[in-house]
Amino acid sequence: MTDSTSNNGKSEGWFGSLGDKVNAIAGGGASSETKEDKLDKSIDWVQENILGQGKQDNESATEQFKDEQMSDFLRREYKNTTGSDFFVKDK
Ligand SMILES: [Ca+2]
Ligand SMILES: [Ca+2]
């Protein structure tokens, strides 16, 4: 009766898996999560358990970039405040 939207989600199967691959190349996905350092993982933990942003074990490249930005920021702030390097090494 009204206009059909039956096309929606039709190509999600192959596009979804292609998207995952592109994501991994761009630095996202579950395999990249394992490359994050302890501080990035702490940020993920806070995002998941305190901010309630859901599972952080398979993020997009954009989200992982944000994790990295946040950990870099924390490291800079820590060094500015204490004058010494953060106790968790950057990867
Ligand atoms: Ca995250
Ligand atoms: Ca992450």
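**Two calcium ions and a helix crossing**

Okay, let's start with one residue: Gln47 is buried, with a relative accessible area of 5%. Buried here means under 20% relative accessible area, exposed means over 50%, and partly exposed is in between, with a 1.4 Å probe and protein chains only.

Before I go on, the housekeeping. This is a predicted model, where local features need pLDDT of at least 70, side-chain atom pairs count only at pLDDT 80 or more, and totals for chains, interfaces and linings use all residues. Residues are numbered from 1 along each chain as its sequence is written, chains are lettered from A and ligands numbered from 1 in the order in which they are written, and side-chain values use heavy atoms, with hydrogens and water left out.

So what does Gln47 coordinate? Gln47, through OE1, is one of the donors to the calcium ion (ligand 1). The others there are Asp44 (OD), Gln56 (OE1), Glu59 (OE, twice) and Asp67 (OD, twice), at 2.2 to 2.6 Å. A donor is an N, O or S atom within 2.8 Å of the metal, or 3.2 Å for Na, K and Ca; water is not among the atoms, so sites may look incomplete. Along the chain, the donors of the calcium ion (ligand 1) follow D-x2-Q-x8-Q-x2-E-x7-D. The site links distant parts of the chain: Gln47 sits in helix α3, and Glu59, 12 residues apart from it, is in the loop between α3 and α4. Helices, by the way, are DSSP runs (H or I, at least four residues; strands are E, at least two), numbered from the N terminus. Glu59 counts as buried, because its relative accessibility is 5%.

Now the other ion. The calcium ion (ligand 2) takes Glu33 (OE), Glu36 (OE) and Asp44 (OD), two entries each, plus Glu59 (OE) and Asp67 (OD), at 2.2 to 2.9 Å. Its donor residues are spaced E-x2-E-x7-D-x14-E-x7-D in sequence. Which residue bridges the two calcium ions, 3.7 Å apart? Asp44 does. Asp44 is buried, and Glu36 is too.

Asp44 also turns up where the helices meet. The axes of α3 (residues 38-49) and α4 (residues 61-82) come within 9 Å and cross at roughly 115°; axes are lines fitted to C-alpha atoms, for helices over the stretch in contact, with angles from 0 to 180 degrees between N-to-C directions. That makes α3 roughly perpendicular to α4, a label for angles of 65 to 115 degrees. On the α3 side the contact uses Leu39, Asp40, Ile43, Asp44 and Gln47, and on the α4 side Asp67, Glu68, Met70, Ser71, Leu74 and Arg75. Contact means heavy atoms within 4.5 Å.

Last bit: the aromatics. There are 3 aromatic pairs in the structure. The rings of Tyr78 and Phe86 have centres 4.8 Å apart and planes at 90°, so that pair is edge-to-face. Rings of Phe, Tyr and Trp (its six-membered ring) pair if their centres lie within 6.5 Å; planes under 30 degrees apart are stacked, over 60 edge-to-face, the rest tilted. Phe86 and Phe87 are a stacked pair, 4.4 Å centre to centre with 25° between the planes. Together, Tyr78, Phe86 and Phe87 form one aromatic cluster.

Buried or exposed, then? Phe86 counts as buried at 19%, Tyr78 is partly exposed at 25%, and Phe87 is exposed at 64%. Phe86 is in the segment after α4, and not counting residues up to four places away in sequence, Phe86 touches Leu39, Arg75 and Tyr78.

Technical notes
Angles under 35 degrees count as roughly parallel, over 145 as roughly antiparallel, 65 to 115 as roughly perpendicular and the rest as oblique.
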